[in-house]
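Subject: Structure handover and notes

Dear colleague,

I am passing the structure on to you below, and my notes on what was found in it follow directly after. Please read them with the coordinates open beside you.

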Amino acid sequence: MEKPKSDNKNEPKLHRGTQSEDVPRVRNVLLRAICAVYLMAFISFYCQAEGLYGATGILPANRILQNGTLKERLSLLQFGPFLGLGGEGHAAIDLLCLLGATVSFLGLTSRAHCRLLSFIVMWTLYFSLVQISQSFRQQADYLLLEAGFLCILLAPTRLSDGRNPIEDIALLLLKWLVFRFMFASGSVKLASGCPLWWSLDGLQRHYETMPLPTSYSWYTYQLPEAFHRLSTIYVYLSELVVPWLFFAPNRVVRRFAFGWHVFLHANIIGCGNYGFLSPLVLTLLVTLLDDDDKLLLKLSRDTPGTTTSGNSGVERRSRGGTVRNQAEANKDYERNANRILKVIAILMAIGSWIIFGIGFSTSEDGYLTFKANFSRDQYLSAMQTMLRVAPLLVFGLLVRKFLNLLSFQDTVGSLAEGPRQFMKNLGLLISTIVAFTVLFMSIVPHSRLLPSTAISSPVMARAYGGLHSLYVVNQYGRHLTKMRPVRREIILEYADDLNGTWQEYGFDYKPWTVERSSSLPYAGLYFPRFDFKFYDGAASKLDAQKWFYPLVLRLLQHQPPVLDLFDDRNVPSKAPRFIRASLYRFAYTTLPTKGTSGAFWERERLGDYFSVFSMDASHLQEKLKQIGYWTAGATESARDNYSWNWLLLWLLDAVRRFVSSIEGSYLLTGLLVAALTLIYSQCHQSHNEK
C-alpha cells in the first residue's frame, strides 16, 4: 500500500519518514495514552458508584433507567436484569466499571489489545455510565467521550497495522477538539466582563477559590502580585494565542506549542484535583507532534514490538551521500524554523507588553504595573473574527486531507478487486462522512462562546442537539467565566440534640477544616466527583442543588455507601437525629500566620446553608417528592428481584469489599504503577531477545 504524501512540501524528506520505516507513532502513543485516561475515569467512577448511584445512594441509577427520557435510558445498564444483576442495586454499574477498567488496562499495557474493538467497548461502557451520573456529571466526562469517539475513527483493527487512510483526518479532528477546549476556556474569561480577569488578578484569586485546591496552590498564592499578573497574561497567551500554532505547517512551531501547554497543564495537575481532565488534554496535545519526533522515537524504542530497522536503512545509504544531503537540508530547515519561532516569541512578548500596558512605577521600588489598553467592545470584536476564522481554517485543512485521501485511494485498487476492497472503501466513505459531520456540528457550540456569533439555524441546532445527546460534540468554556471573589464552603453538621454540640462530617478532598493534615489533600489523577460537586453548591441556593435533599436523607438513614464518600474518621457511629449545613468563608493564611499555626486556612462562619432537617421533617419529604425521588421503603435495603446470578453477584461484591478498603487515589496510582511496570518489563524482555 502506498504511503500518503506529506502535507508540508517545504519539509525535507528526512522529516517525512523513510521508505524503510513508516510507523504511525503519533497514533500509537495517543491511543495508548487514551487507554490510560479511560482507566483513570473508570476507576474514579467505580470507587464512588455505590454511594452516588446505588440503590441506597444519593441519586440511584434506577430513577433514570426507569423514569428518565428515552435518550437518558440509552445505557447498557438496562441489560442488568437480563444478566441476573437486579434492577435496583449497583452490581450492573460495578460490572461496567470493571469491564471498562480491564479493557483500558489491557489496551495500555498490551499492543494486542489496543485496537478498534477496544475503543468501541470503552466508549460504549463509559457513555452508559455518564448517562446515569445526573448532577455529578462534569466537563471532563464530555471531553473524554468526544475524544473517545474520535479515537474510534483513528484506531486500527490492530495497533500493529500500518497507516489507516482516515488517520490524518481523525488526528486533525482531535487537534480541533483540543483547540476548541483551550480557546473556549480563554475567550470566556474576558468576554464575561469579570473585573478580576480584566485587572489580571483572576489567577491569584483562582488559586484560593478553585474547586479542590492543593498545597501547591497555597504556596503559589503566596508569590508577589506581579508574578500572578504575569502568570495571568501567560494563561491568556496559552488559551487565546498559542492554540493557533496547533495548525502551523512548521513542526518546530507545533513542538513549541506542545511544550508550552505541557508546562501549563503540569502546573494545573499540581495545583488542583481535576482528575483525568489535564491528562486527557495532554494526550490530545500529542497530535501536535510528528511520527519522527525525538520524544516519540524514544517512546517507540521503549515499546516492545516496534520496528526500528528504518534508521539502519538510512545509515546504509550514507555512502552515496544521500544522508549527508538530507542532513544539510534538515539543518537548513531547523535554522529557518528557529528563526520563525523567535519571531513568534518576540511578537508575543511585545504584543503582551503593549496590549496589557506592562510598565514600571515611578517610585523608588520600581515595581511592575499593568493596565489593559483595550476595551471590552474591542475584545469582543476581535473574538468575533477569531471565532469565525477558526472553523474555516480547519475546514480548509480537512478538505485538503480529504483530497489527499482520494488521490491515495486511486493507487489502492478498484471494486473489481473483490468484496474486501469494496468493504474497505465503504468503511472509508462512512468514516469520512462522520468526520465532516462532526466538524460541521462542532461549529455550533464553538460559535456560542459569544451571543453575536451564535448560529441561529434551527436545522444545525437540532442536528447538534442529536449529537450532543450522545456527547459526540459538546460545548466547553463554561467554567471560570466569572471568578469568585471569596471562597465559600458548605460544612455538613450532625447532632442528637438541637441544643447540644454540633459535630462536622469530614471530607476526603474538599476543604472543611483548618487542620494541616486534612485541609489540602492531593488526589493525583483520581477524580473525586462527590467532593467536586460541593464547589457548585457553595455558589448557589439550596433549591438549585437538588441532590442535597437525597444526601440529607441518606445521612439521616446512616447509609454506609454514602458514608464511605466522607472521611471515615469524622462520621457518626450511629444515625444522627438532626442534620444541618453551615456556610463558611475560607481564606488562605499568610506565610507568617502559617509559620505560627501551621494551618493553610482561616475560616469564618457566615450562616446557615440550610436549616435543621430530621427524618420526620415535612419540608424534607416535600422536597423529595418534588424532585421525584423514590421514598417508598427508603429505609429498607435494596431488593434485587432479578438477582439470580449469585456467582457473578458474589464476585462483584468480593471485589467491592476488597477495593473499599483502599482509598481511591491510592488504588488508581497502584494500577498505573502496575501498568508502567508491565510495560517496562515487556521492553526489557524485548531488548534482551534482540
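Helix H21, which spans residues 548-557, is largely enclosed by the rest of the structure, because ten of its ten residues are buried. Please keep in mind throughout that this is a predicted model. The buried residues of H21 are Phe548, Tyr549, Pro550, Leu551, Val552, Leu553, Arg554, Leu555, Leu556 and Gln557, so that the list takes in an arginine and a glutamine alongside the leucines. What do these buried residues pack against? Their partners are three helices and three strands, namely helix H20 (529-538), helix H22 (560-563) and helix H24 (618-626), together with strand E3 (487-495), strand E5 (578-588) and strand E6 (601-613). Just after H21, the backbone at histidine 558 adopts a positive phi of about 60 degrees.

The same region figures in the nonpolar packing. The largest nonpolar core has 195 residues, and the members that touch the most others in it are Leu492, Phe530 and Leu551. Helix H1 (residues 25-53) supplies the largest share of this core, with 18 residues. If residues up to four places away in sequence are set aside, leucine 492 touches Phe548, Leu551 and Leu555, among others, and its further contacts include Phe534, Phe566, Arg580, Ala581 and Phe610, as well as Gln503, Glu504, Tyr505 and Phe507.

Arginine 577, by contrast with the buried residues of H21, counts as exposed, because its relative accessibility is 53%. This arginine 577 is located in the loop between H22 and E5. Its C-alpha atom is separated by 5.9 Å from that of serine 614, although the two residues are 37 residues apart along the chain. Beyond its neighbours within four places in sequence, arginine 577 is in contact with Ala495, Asp496, Leu556, Phe613, Ser614 and Met615, and of these Leu556 is one of the buried residues of H21.

Two helix pairs deserve a look. The axes of helix H4 (residues 116-131) and helix H5 (residues 139-154) come within 9 Å and cross at roughly 155 degrees, which means that H4 is roughly antiparallel to H5. Their crossing is left-handed, and the residues that meet there are Leu116, Phe119, Ile120, Trp123, Tyr126, Phe127 and Val130 from H4, with Asp141, Leu144, Leu145, Gly148, Phe149, Cys151 and Ile152 from H5. In the second pair, helix H3 (residues 91-109) and helix H26 (residues 664-689), the axes come within 9 Å and cross at roughly 35 degrees, in a crossing that is right-handed. Here Phe105, Leu108 and Thr109 of H3 meet Leu671, Ala674, Ala675, Leu678, Ile679 and Gln682 of H26.

Finally, how many disulfides does a search of the whole structure find? The number is zero. The sulfur of cysteine 114 has its closest cysteine sulfur in cysteine 35, at 4.0 Å, and that is too far for a bond, because the cut-off for a disulfide is 2.5 Å. Cysteine 151 is likewise in no disulfide, with the sulfur of cysteine 35, its nearest, 8.5 Å away. Cysteine 114 counts as buried, at 0% relative accessibility, and cysteine 151 counts as buried at 0% relative accessibility too.

With best regards

Methods
Residues are numbered from 1 along each chain as its sequence is written. This is a predicted model: local features need pLDDT of at least 70, side-chain atom pairs count only at pLDDT 80 or more; totals for chains, interfaces and linings use all residues. Side-chain values use heavy atoms; hydrogens and water are left out. Buried means under 20% relative accessible area, exposed over 50%, partly exposed in between (1.4 Å probe, protein chains only). A nonpolar core is a set of buried Ala, Val, Leu, Ile, Met, Phe, Trp, Tyr and Cys residues joined through side-chain atoms within 4.5 Å. Helices (H or I, at least four residues) and strands (E, at least two) are DSSP runs, numbered from the N terminus. Contact means heavy atoms within 4.5 Å. Axes are lines fitted to C-alpha atoms, for helices over the stretch in contact, and angles run from 0 to 180 degrees between N-to-C directions. Angles under 35 degrees count as roughly parallel, over 145 as roughly antiparallel, 65 to 115 as roughly perpendicular and the rest as oblique. A crossing is left-handed if the near helix is turned anticlockwise from the far one by less than a right angle, and right-handed if clockwise.
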